[in-house]
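This report considers the salt bridges, the ligand shell and one strand of the structure shown below.

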Amino acid sequence: MLLQDKVAVIYGAGGAIGGAVARAFASEGAKLFLTGHRLAPVDAVAKDIVAAGGSAEAAQVDTLEEQAVEAHLRSVIDKAGRVDISFDAVGIPDTTILGVPLVELEVEQFSLPITAYTRSYFLTARLAARRMVANRSGVIMTVTAIPSRTGTPLQGGYGPAQAAKEALTRALSAELAPQGIRVVGLRPNGIPETGSLREAFEPRAKALGVTWEQWQEQLAGRTHPRRLSTLAEMANVAVFMASDQASGMTGTTVNLTMGSLDD
Ligand SMILES: NC(=O)c1ccc[n+]([C@@H]2O[C@H](COP(=O)([O-])OP(=O)(O)OC[C@H]3O[C@@H](n4cnc5c(N)ncnc54)[C@H](OP(=O)(O)O)[C@@H]3O)[C@@H](O)[C@H]2O)c1
């Protein structure tokens, strides 16, 4: 198993991507400490994993609160002795911002995703890295999206937020890789089976002038295989990137867009 006995903390594990990554990590033998903004969805994921024979504990952690992240990591170290993998899969709700043209957007609304996404990633990465340095080993991971690299309309500060996270992945790696810690991101295309993709589409539907089905076809049409990827495909790559098999990968974001976006 690729992650046998690795101690992994996943933030936003009650969400679509965090939950899929948690299940995939568990099936490869990882010992999971799952966290979420609300406890109930994370608890459900942890119970599923335990019922399937895996190891998972759930906790409520707001990743925008430094003390909450710190206290949780302290409890992980107390229970498991170390942290090998930190994965920030947090998605900041932005339904009131999506659909508003940039020229009409208030600066506070524009800044919100940039501040929140970077704060979450910075705090979870920094606090995990402080533990990982002691073992000269660890992997810090997150997830971004296509607007990090290409202009997409009516998404406010979401694209700049994703671009900032990818820049932070490179900066963290430049400082931490000499101490044995790898830092890698994943950049999936839209994954239709996640409820969040539809939530991101609905506020823009009218302005984009297409239905949900037509929009998925448009996104799929830009990929080389003419289809969007699945949560399972994304999670399989997450497992590989978290494993020692990917020891040659750091300071980069894996392009999972299947040709939609050139490197
Ligand atoms: N879905 C896609 O197709 C897709 C594609 C590419 C990239 N992405 C990116 O991947 C990330 C996750 O997406 P997703 O589809 O998994 O979204 P999701 O299903 O909405 O999950 C997001 C999770 O983040 C949690 N969260 C929000 N604020 C938090 C906070 N302050 N502290 C801790 N947890 C918090 C939410 O918890 P609560 O529900 O309890 O608030 C939720 O469980 C996002 O950055 C998204 O942009 C998604």
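Which side chain meets that of Arg 126 in a salt bridge? The side chain of Glu 66 does, at 2.2 Å from N to O. Arg 126 belongs to helix H4 (residues 107-135) and Glu 66 to helix H3, so the pair ties together parts that are 60 residues apart in sequence. A salt bridge here is a side-chain nitrogen of Lys or Arg within 4 Å of a carboxyl oxygen of Asp or Glu. Helices (H or I, at least four residues) and strands (E, at least two) are DSSP runs, numbered from the N terminus.

The model is predicted: local features need pLDDT of at least 70, side-chain atom pairs count only at pLDDT 80 or more, and totals for chains, interfaces and linings use all residues. Residues are numbered from 1 along each chain as its sequence is written, and side-chain values use heavy atoms, with hydrogens and water left out.

**Salt bridges**

The structure holds 11 salt bridges. Three of the pairs are listed here with their distances.

| Basic residue | Acidic residue | N to O distance |
|---|---|---|
| Lys 6 | Asp 244 | 3.2 Å |
| Lys 79 | Glu 57 | 2.9 Å |
| Arg 126 | Glu 66 | 2.2 Å |

Lys 6 and Asp 244 form a salt bridge; Lys 6 lies in the segment before strand E1 (7-11) and Asp 244 in the loop between helix H9 (231-242) and strand E7 (252-256), so the contact ties together parts 238 residues apart in sequence. Accessibility is classed as buried (under 20% relative accessible area), exposed (over 50%) or partly exposed (in between), with a 1.4 Å probe and protein chains only. On this scale Lys 6 is buried at 18%, whereas Asp 244 is exposed at 53%.

Glu 57 and Lys 79 also meet in a salt bridge. This pair links distant parts of the chain, with Glu 57 in strand E3 (residues 55-60) and Lys 79 in helix H3 (residues 66-80), 22 residues apart. Glu 57 is partly exposed at 35%, and Lys 79 is exposed at 51%. For the pair that opened this report, Arg 126 is partly exposed at 21%, and Glu 66 is partly exposed at 30%. In addition, a network of salt bridges links Glu 70, Arg 74 and Arg 131.

**Ligand shell**

The ligand is surrounded by 26 residues, the closest being Ile 17, Tyr 158, Ile 191, Thr 194 and Ser 196; a residue counts if one of its heavy atoms lies within 4 Å. A polar side-chain atom of Ser 196 lies 2.3 Å from an oxygen atom of the ligand. A polar backbone atom of Gly 91 is 3.1 Å from a ligand oxygen, and one of Val 90 is 3.4 Å from a ligand oxygen. Taken alone the ligand exposes 890 Å², of which the protein buries 87%; these areas come from the Shrake-Rupley method with a 1.4 Å probe. Helix H1 (16-27) and helix H6 (195-201) are the elements that give two or more residues to the shell.

**Strand E6**

Are the residues of strand E6 (residues 181-188) buried or exposed? In this strand 8 of the 8 residues are buried, so E6 is largely enclosed by the rest of the structure. Ile 181, Val 183, Gly 185 and Arg 187 point one way, while Arg 182, Val 184, Leu 186 and Pro 188 point the other way. In a regular strand the side chains alternate between the two faces of the sheet. Strand E5 (residues 138-143) runs parallel to E6 and is joined to it by 6 bridges; Val 183 in E6 is the bridge partner of Ile 140.

Conventions: Polar contact = N/O pair within 3.5 Å; in protein donor to acceptor, adjacent residues only side chain to side chain. Pairing = 2+ DSSP bridges.
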